Amino acid sequence: MNKTREFLELVKQNPDLPIVPIVDSEIVADDGYAWWLGSFACASVGEYVSIKMRGELRFFTKDEQDEIEEFFADNLADERDYDLHESEIEKLAHEQAENLPWVKAIIVYIKLPEV
């Protein structure tokens with residue numbers, strides 16, 4: 001019940017923020033047409049962004065920004081006709097990631113059910 005209380009307190013303190021559930025892939029690893037059961041893992045105020053990566057739309061939280069920066073750095077290294085030092089590529093990749101349209105929200109992590 002603590003998780004529910006903490007979530008409700010976050011909503012009360014941040015009534016204007018959207019609520020975004022992030023669902024563990026183990027819950028929905030199915031091609032069927034059914035409902036899936038999950039349970040709260042935790043909730044917190046954070047930021048998320050969606051970007052197209054390797055042909056598919058992916059969602060990341062701010063905690064996962066390093067994965068986005070790695071992707072951007074790989075692309076920058078591949079696209080440049082001239083040599084850039086690794087630290088310059090990392091700096092550019094970091095700037096690109098920081099400039100993404102991050103959305104502040106109440107993020108609710110959903111995991112496998114506790115039944």
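These legends accompany a set of close-up views of one predicted model.

**View 1. The whole chain, with 3 helices and 4 strands.** Let us start with the full trace before moving in. Followed along the sequence, the elements come in the order α-β-β-β-α-α-β. The C-alpha trace spans about 55 × 40 × 20 Å along its principal axes. Its radius of gyration is 18 Å, whereas a compact globule of 115 residues would have one near 13 Å. Of the 115 residues, 27% are buried. The chain exposes about 8,500 Å², and carbon and sulfur atoms supply 51% of that area. Among contacts with a separation of 6 or more, 72% link residues that lie 24 or more positions apart.

**View 2. The hairpin of β2 and β3.** Here we look at strand β2 (39-53) beside strand β3 (residues 56-61). The two run antiparallel and are joined by 6 bridges. Just 2 residues lie between the strands of this hairpin. One to look for in the turn is R54, with a positive phi of about 55 degrees. At the bridge between M53 and E56, the E56 side belongs to β3.

**View 3. Strand β4 alongside β2.** Strand β4 covers residues 103-111 and pairs with β2 in the antiparallel sense, through 9 bridges. Two places help you find the register. Y48 stands opposite V103 of β4, and C42 has Y109 of β4 as its bridge partner.

**View 4. Strand β4 alongside β1.** Strand β1 (19-23) also pairs with β4, this time in the parallel sense and over 5 bridges. A good landmark is P21, whose bridge partner in β4 is V108. Viewed together with the previous panel, β4 has an antiparallel pairing with β2 and a parallel one with β1.

**View 5. V103 and its surroundings in strand β4.** Is V103 buried or exposed? With a relative accessibility of 30%, V103 counts as partly exposed, because that value falls between the 20% limit for buried residues and the 50% limit for exposed ones. Setting aside neighbours within four places in sequence, V103 is in contact with P18, G46, E47 and Y48. Of these, Y48 is the residue that stands opposite V103. For a sense of scale, L92 is 11 residues from V103 along the chain, and their C-alpha atoms are separated by 21 Å.

**View 6. N14 in the loop between α1 and β1.** This loop follows helix α1 (2-13) and leads to β1. N14 has a relative accessible area of 18%, so this residue is buried, the cut-off being under 20%. Which residues does N14 touch, not counting those up to four places away in sequence? They are V45 and I106. V45 falls within β2 (39-53), and I106 within β4 (residues 103-111).

**View 7. A nonpolar patch on the surface.** Our last stop brings together V23, V28 and W36, which share about 240 Å² of accessible area. V28 sits in the loop between β1 (19-23) and β2 (39-53). How much of V28 is accessible, in relative terms? The value is 36%, so V28 is partly exposed. V28 can join the patch because patch residues need over 30% relative accessible area.

How values were computed:
Residues numbered from 1 in each chain as written. Predicted model: local features only at pLDDT ≥ 70, side-chain atom pairs only at ≥ 80, totals over all residues. Heavy atoms only, no water. Patch = residues over 30% accessible without salt bridge, like charges linked within 9 Å, V, L, I, M, F, W, Y side chains within 5 Å. Areas by Shrake-Rupley, 256 points an atom, 1.4 Å probe, with all protein chains shown as cover. Salt bridge = Lys/Arg side-chain N within 4 Å of Asp/Glu carboxyl O. Buried < 20%, exposed > 50% of the residue type's maximum accessible area, 1.4 Å probe, protein only. Rg over C-alpha atoms; globule rule 2.2 N^0.38 Å. Contact = heavy atoms within 4.5 Å. Pairing = 2+ DSSP bridges.
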